[in-house]
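Thanks for asking me to look this over with you. Here are my notes, written as numbered points so that you can follow along at your own pace.

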Amino acid sequence: MNPCALFTGSESNTLWLTEFEHQFPQLNIQPWNQVVDFDAVEYGIVWQPSSAYFERFPNLKAVFNLGAGVDAILSNPTVPAHVQIIRIEDGGMAQQMNQYFSYFLLHYYRDMDLYQQQQQQQSHWQVQSVKSPNNFRVGILGLGQLGSQLAIHLQSYGFNIAGWSLSKKHLDGVATYAGDEQLGAFLQRTDALCCLLPLTPVTQDILNHHHLSQLPAGAVVINGARGGHLVAADLLQLLNNGHLRGAVLDAFEQEPLDTKHAFWQHPKILLTPHCAAQSEYDTCVQQIGHKLEAILSNQPVTGLINRHKGY
Ligand code: NDP
């Protein structure tokens, strides 16, 4: 078969290549800078490819994105309009997201932030009363591959779960809201807001003062999606004036986060270095390999990006 050009821009290239060779030795996956016949390349496998990648291969038909989020690739002006983008669907990330959000939701639900304050600031021994989990109202922004599985997973804790998406969803045990017109009602019933939206021109800055101030007083925000969703100054204002109880941030507009950024030292912010969920090599290779084989046999595949919607 014609070469399929791999670009990851890092030493992880070798790990991906080894896994493809292991699972799909019949597929001709080559590092993009070692391909000799540029014109022969019709398919690519990429993570944050440089502009040079798309300029090099004039006959590209489709690229597989090695992650769920395609905001970086769509913001690259050299990606030709006719090139299809196929993203990872779950790829082992849903389970990791479930772990990430569960950990921090339990942190607030069981008042661990208050116990930390009692220990660190006051050496104060005081038991906080435990609320019924049904009174802890979790709201998930985005009910796609990751958000819908999170909504199902969190039910095991007994939390009161709702989710918001563009199109209306039906998920057992989850109160679902859809579209701009229902966002206000969704926010007003949410004590812990979990963001798992894709970053698009519409969802850029969605975690702003207008929306976050509609959360009940004492709510928390957990952003496991992209830094571009959040307006930093608005979050800081709502934390500092006491409207919000805390925030957990995994992704940032600029990464790594500047060492002088106010988020680092803020007592109400917990931050992690964009690690909420990572593509699993074996799972993702299996998914991409099967899809590539399907495409080569003219079979349909899922996970195609709608350029108009931006995800
Ligand atoms: P999906 O595309 O499967 O789901 C996206 C969800 O968001 C859908 O339910 C969609 O609605 C909803 N949505 C999109 N736009 C809007 C809008 N304007 N208004 C309301 N709802 C909207 O994505 P995934 O679940 O696979 O991933 C979500 C994001 O998580 C990724 O794009 C990525 O940025 C982030 N991520 C972060 C990681 C990290 O480590 N921090 C790791 C992996 C992913 P509908 O169902 O109606 O289309």
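**Notes on the predicted model**

1. Let's begin with the overall layout. The C-alpha centres of domain 1 and domain 2 lie 33 Å apart. Domain 1 is made of two stretches, 4-91 and 279-296, while domain 2 covers 93-271. Where they meet, twelve residues from domain 1 and eight residues from domain 2 take part in the contact. Please keep in mind that this is a predicted model.

2. Next, have a look at the inside. The largest nonpolar core has 49 residues, and those touching the most other members are Ile45, Phe101, Leu105, Val138 and Ile140. Helix α4 (residues 93-109) supplies the largest share, nine residues. Each of domain 1 and domain 2 gives at least three residues to this core. A second core, separate from this one, has 29 residues, among them Ala162, Leu207, Leu215 and Leu235. As background, nonpolar side chains in soluble globular proteins tend to be buried together.

3. Which residues does phenylalanine 101 touch, leaving aside those up to four places away in sequence? They are Leu150, Cys194, Cys195, Leu196, Ile222 and Gly224. One of these, Leu150, is also among the buried residues of α6, together with Leu146, Gly147, Ser148, Ala151 and Leu154. The buried residues of α6 pack against α4, β6 (137-141), β7 and β9 (192-195).

4. Helix α4 also holds glutamine 96. Is this residue buried or exposed? Its relative accessibility is 17%, so glutamine 96 counts as buried, the cut-off being under 20%. Beyond residues up to four places away in sequence, glutamine 96 touches Ala276, Ala277, Gln278 and Glu280.

5. Now to the ligand. There are 28 residues around the ligand, and Arg87, Gln145, Ser167, Lys169 and Tyr311 come nearest. An oxygen atom of the ligand sits 2.5 Å from an N or O atom in the side chain of tyrosine 311. One ligand nitrogen atom is 2.9 Å from an N or O atom in the side chain of aspartate 250, and a nitrogen atom of the ligand is 3.0 Å from a polar backbone atom of glycine 224. On its own the ligand has 940 Å² of accessible area, and the protein covers 93% of that. The elements giving two or more residues to the surrounding shell are α4, α6 (145-154) and β7 (160-165).

6. Leucine 27 is a nice example of residues meeting across the sequence. You will find leucine 27 in the loop between α1 (12-23) and β2 (29-31). Leucine 27 counts as buried because its relative accessibility is 7%. Leucine 27 and glycine 289 are 262 residues apart in sequence, yet 7.9 Å apart in space, C-alpha to C-alpha. Besides Gly289, leucine 27 touches Met1, Leu292, Glu293 and Leu296, not counting residues up to four places away in sequence.

7. Finally, please check some backbone details. Most residues other than glycine have a negative phi, and most peptide bonds are trans. Aspartate 111, in the loop between α4 and α5 (112-122), has a positive phi of about 60 degrees, and aspartate 111 is buried at a relative accessible area of 6%. Histidine 274 has a positive phi of about 50 degrees and is partly exposed, at 30% relative accessibility. A cis peptide bond, with omega about -5 degrees, joins glutamate 255 and proline 256. Proline 256 is in the loop between β11 (244-249) and α10 (262-265).

How values were computed:
Residues numbered from 1 in each chain as written. Predicted model: local features only at pLDDT ≥ 70, side-chain atom pairs only at ≥ 80, totals over all residues. Heavy atoms only, no water. Core = buried A, V, L, I, M, F, W, Y, C linked by side-chain atoms within 4.5 Å. Buried < 20%, exposed > 50% of the residue type's maximum accessible area, 1.4 Å probe, protein only. Helix = DSSP H or I, 4+ residues; strand = E, 2+ residues; numbered from the N terminus. Domains from an automatic or database assignment. Contact = heavy atoms within 4.5 Å. Near = heavy atom within 4 Å. Polar contact = N/O pair within 3.5 Å; in protein donor to acceptor, adjacent residues only side chain to side chain. Areas by Shrake-Rupley, 256 points an atom, 1.4 Å probe, with all protein chains shown as cover.
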